[in-house]
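Q: Please take a close look at the helix packing in one chain of this model. I would like the contacts set out with the cut-offs behind them.

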Amino acid sequence: MSQTIQAAMAPMHQDASTQREPAPGGDSLLEIRGLEKRFSLSGDFLEQLKFRRGRIVREQHHVHAINGVDLDIRRGESLCVVGESGCGKSTVARTVMGLLTPSAGEIRYAGERIDHLDSKALLPYRQRMQMIFQNPYASLNPRMTIQQTLEEPIRLHHPDWKPAQVVEKVHEVMSSVGIAPDWGSRYGHEFSGGQRQRIAIARALAVDPEFIVADEPISALDVSIQAQVLNLLMEAQREHHLTYLFITHDLAVVEHFGTRVAVMYLGRVCEVAPTATLFARPRHPYTQALMSAIPRLEDDRPQHLRLQGEVPTPVNLPSGCVFHGRCPHANDRCRREIPTLIATDDGGQVACHGVEEGRLT
Amino acid sequence: MALLDVNHLDVRFALRQGDVKALRDVCFSLDRGERLGIVGESGAGKSVAAFSLLNLIAKPGYIAGGSITFDGLELTGLSDRQLRKVRGHRISMIFQDPMMTLNPVLSIGEQMVECLKAHRRISSREARAISLRKLEQVQIPSPEKRLDQYPHELSGGMRQRIIIAIALLLDPDIIIADEPTTALDVTIQAEIMALLLELCEKHNVGLILITHDLGVVSQVTQRMLVMYAGRVIEQGPTREIINDPQHPYTQGLINALPQMATPGERLNQIRGSMPSLSQLPSGCPFHPRCDFATRQDGSERSRCKTEVPAFVSSGNCQVACHMVAEMQDAERIEVREENS
Amino acid sequence: MSTHSTATSTRWERFRDSYLLYSFKRDVIAQVSLLVFVVMVLAALLAPWLAPANPYDLAQIDILASELPPFWIDGADPQYLMGTDSQGRDMLSTILYGMRVSLVIGFGAVALQAALGVCFGLLAGYLGGRVDAFLMRLADIQLSFSTLMVAIVVGALFKAIFGGATYSDYAMWLLVLIIGLAEWPQYARTVRASVLAEKSKEYVDAARVMGLRSRRIMFRHILPNTLSPIFVISTVQVANAIISEAALSFLGLGMPETQPSLGSLIKSGFDYIQSGSWWITLIPGLVLVVLVLVINLLGDWLRDVLNPRLYKG
């Protein structure tokens with residue numbers, strides 16, 4: 001998969017729109033190592049003080065949104081992160097974009113550490129990394145016209161450009177996403193959801209980024225519009241040699257869009273594999289359950305694997321494998337020991353004791 | 001005669017720009033124990049259709065014409081008091097957001113008992129026993145404990161199970177479920193859908209399932225309606241429509257699904273977007289987005305622009321499309337020519 | 001929500017089609033209130049031209065013509081339509097000038113409150129954490145000092161340092177300062193609440209991802225989206241500021257009698273109610289009530305219109 005896409009992209013590297021060096025296939029654009037993010041539930045310092053057994057103690061409770069995520073995103077690929085709500089996939093996206101500071105771990109972009117950079121040092125990366133959000137009704141400032149919305153990032157990152165150049169660039173990105181440039185003086189609310197998402201994509205493309213984080217970009221849209229936006233994202237990838245980190249809960253979209261897939265559960269990655277491999281042979285029990293739950297058009301009767309119970313809260317994480325409480329194959333080791341990602345023979349990685357021991361195929 | 005019969009239903013919203021026609025000429029029926037899916041994108045009018053069945057459309061909406069007959073009883077002209085006997089009792093509803101139905105300050109048990117006592121003359125103890133039985137039916141772990149819990153103490157999937165238990169409380173004939181699993185995760189969604197299907201079959205309850213998810217409809221329902229811009233454009237047995245859709249919109253909707261395309265290739269998109277109900281195109285509401293209406297050997301098909309298509313039968317399905325009608329006419333002529 | 005194929009609408013066209021204008025046309029109370037308010041503001045602004053006499057000009061005052069009743073009562077002098085006060089000043093002129101003072105203080109104080117409150121509210125809401133905790137505690141402390149306390153302390157300090165004569169000269173601006181300082185927390189709290197709501201929206205994240213500075217995000221992106229509640233609270237605050245000023249003046253902590261505001265007019269007439277000259281207090285009192293009432297009615301209407309939960313046309 002990844003070879004075919006890169007092969008298709010190869011002749012386009014001469015394209016004048018980007019001057020970047022074509023990257024050798026397979027190297028990592030973004031590396032995430034041991035990433036953790038906790039959110040405090042206990043409020044400020046005064047609210048954390050509790051009176052227990054005759055003395056004052058400081059108590060803190062945390063939501064463990066992500067704990068120990070390792071991921072590599074290769075140049076030119078679309079890495080899809082899937083999982084159910086609360087699995088931490090959006091937190092990964094927001095931490096990568098610097099909207100959240102990680103509690104622990106490292107994020108490297110093209111070899112350079114970018115977590116903990118201050119906003120000034122981060123500015124060059126802001127041009128290379130952009131983000132598309134879930135809700136097109138909230139991601140455009142309601143008090144700004146489309147022209148203003150699109151000009152802002154260009155002006156910020158190219159302060160030396162002349163006004164005419166900026167306007168020209170705005171018109172260029174607008175037409176590239178299929179919005180007529182003479183609609184620039186309108187406000188966001190005058191557009192439909194699909195058109196707004198196009199504008200949000202145009203805003204991300206306006207600074208010629210090389211890496212785009214898309215956080216559930218189509219889940220707020222109607223089916224017929226989803227197809228339009230997905231097509232647009234794939235076109236943009238071909239034209240601008242983009243790398244995507246694509247967050248979604250929809251496995252059907254992943255199968256179509258992703259080069260590789262990472263499945264997350266309760267703040268941990270349980271399986272990473274090339275898309276075709278994962279769909280042909282899901283290894284992790286959670287991935288198997290997730291895949292069997294997709295409502296398909298073909299079968300009359302859902303034959304899904306039933307999981308016991310529900311996702312535990314990320315406040316008190318289960319010991320050992322986070323999935324053991326719902327896993328039909330869990331044993332004592334799963335309850336005790338946290339599994340790490342191990343490479344499988346078909347090019348993927350899976351974090352499961354059962355697979356490692358050969359109990360599960 | 002069908003249990004529920006909807007004929008030429010018109011629903012309008014009186015706004016300051018004038019009346020907006022939210023539903024036009026909607027006809028369908030539901031037999032006892034039958035499961036019907038209503039499919040459409042947002043703005044298609046599928047929720048309005050469901051809400052208008054029990055006259056639950058909020059102002060400024062109103063039923064402007066047509067009839068809704070339930071078990072021989074005409075519902076459109078009924079007063080609120082008369083309707084309440086049907087509502088929740090013989091026809092119950094499940095909403096997308098469980099918190100719309102659950103009162104956050106009452107325990108689950110109190111709400112179920114209250115609902116039972118409002119419709120039946122029974123003691124609290126009996127009501128509690130029935131409630132417990134219903135909770136067991138929806139396979140909630142430790143149902144006894146749940147009766148004394150409050151909605152916020154339960155997870156989303158659990159709440160939706162309780163909503164189903166409440167919907168079944170009075171042994172209704174029909175359950176109307178409006179996007180019952182949209183807010184839930186895939187794995188929970190699959191469980192809830194399976195449960196709903198199982199219960200409807202077991203108790204011979206009719207189901208009207210409103211959803212935008214073709215996958216869910218194809219797994220749960222026997223017949224389906226496809227709605228577009230306030231009109232029904234295609235209806236028939238679910239399998240037939242999914243396997244061989246006739247209307248260009250239904251075709252587009254199914255073909256746009258990522259699972260219908262080769263991975264990495266372009267998806268088959270429908271161009272444009274759903275028109276707003278206040279600015280509906282003339283003729284067939286789908287014609288500005290329809291390939292058939294604008295691109296047929298170069299010429300534009302004026303009939304699609306001027307004339308609202310009537311339903312034609314195609315197999316067991318009914319389709320509102322000029323193209324299907326014309327193709328059938330052409331076939332008929334061919335057959336006649338061959339015969340003569 | 002669809003796009004129209006017509007050419008882009010201008011600002012005026014948007015206003016013409018807006019819900020604001022639509023609801024205004026349907027609301028008689030709002031129309032009457034606006035009319036009365038505009039007339040009062042114009043009358044106050046044009047006081048030097050409209051008023052028959054200048055109450056600040058001691059040369060025009062005739063002490064012999066004091067306590068004359070308004071025109072509909074026996075013994076009135078047609079020269080003084082609304083009668084005269086205890087010093088022989090023409091009531092109508094004094095009220096027009098007094099209204100001007102009251103309005104200036106009202107709007108000035110609200111401008112100051114808004115400037116302080118909006119900045120503090122934006123900072124507290126956007127930056128959060130310790131800044132938020134500090135500013136909000138500061139607001140709590142400020143609120144626990146009543147306007148009266150602030151006025152006593154500031155007024156006493158000023159008088160002690162600069163003397164009574166200077167105080168009279170700067171009384172109006174001092175009152176703006178006092179009322180502005182005392183009531184900024186209302187603004188800060190309202191703004192903070194709406195900033196918190198706006199901050200969680202994705203357009204703010206988009207601006208951060210773009211690399212914009214906090215200051216630009218706060219003022220260019222968030223502030224314009226919190227204007228509706230600011231407008232609503234402003235109307236209420238203008239009314240409150242006018243009442244505060246009147247109360248302070250009535251207690252002798254506000255405008256001196258030589259430059260009367262509505263409040264000090266009421267005060268100066270208060271001593272004469274017993275002797276039968278009720279109009280000296282009652283007429284300015286009535287003007288004050290009407291002024292505050294129409295502002296509050298306009299504020300109510302604006303709140304209904306701008307309330308996003310009601311605003312769905």
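A: What follows covers chain C, two of its helix pairs, and the core that one of these helices enters.

This is a predicted model, in which local features need pLDDT of at least 70 and side-chain atom pairs count only at pLDDT 80 or more, while totals for chains, interfaces and linings use all residues. Residues are numbered from 1 along each chain as its sequence is written, with chains lettered from A and ligands numbered from 1 in the order in which they are written.

Chain C has 14 helices and zero strands (DSSP runs numbered from the N terminus: helices are H or I with at least four residues, strands E with at least two). Its C-alpha trace spans about 75 × 50 × 30 Å along the principal axes. Of the 313 residues in chain C, 42% are buried (20 or more other C-beta atoms within 10 Å of the residue's own; 12 or fewer is exposed, in between is partly exposed; C-beta atoms are placed from the backbone). Among contacts in chain C with a separation of 6 or more, 69% join residues 24 or more positions apart (a contact means C-beta atoms, placed from the backbone, within 7 Å).

The first pair is H3(C), residues 28–45, and H14(C), residues 279–306, whose axes come within 9 Å and cross at roughly 135° (axes are lines fitted to C-alpha atoms, for helices over the stretch in contact, and angles run from 0 to 180 degrees between N-to-C directions). H3(C) is therefore oblique to H14(C) (under 35 degrees is roughly parallel, over 145 roughly antiparallel, 65 to 115 roughly perpendicular, the rest oblique). Residues in this contact include C:Phe37 and C:Met40 of H3(C) and C:Leu298 and C:Trp301 of H14(C). By class, the contact has 13 nonpolar residues, one polar and no charged (Ala, Val, Leu, Ile, Met, Phe, Trp, Tyr, Cys and Pro are nonpolar; Asp, Glu, Lys and Arg charged; the others, Gly among them, polar).

The second pair is H5(C) and H9(C), residues 184–199, with axes that come within 7 Å and cross at roughly 35°. Among the residues that meet are C:Phe120 and C:Tyr126 in H5(C) and C:Trp184 and C:Arg192 in H9(C). This contact has 14 nonpolar, six polar and three charged residues.

The largest nonpolar core has 269 residues, of which A:Ala202, A:Leu245, A:Cys270 and B:Ile208 touch the most other members (a core is a set of buried Ala, Val, Leu, Ile, Met, Phe, Trp, Tyr and Cys residues joined through C-beta atoms within 7 Å). H5(C), residues 91–127, supplies the largest share of this core, 19 residues.

Note on methods. Two residues are in contact if their C-beta atoms, placed from the backbone, lie within 7 Å.
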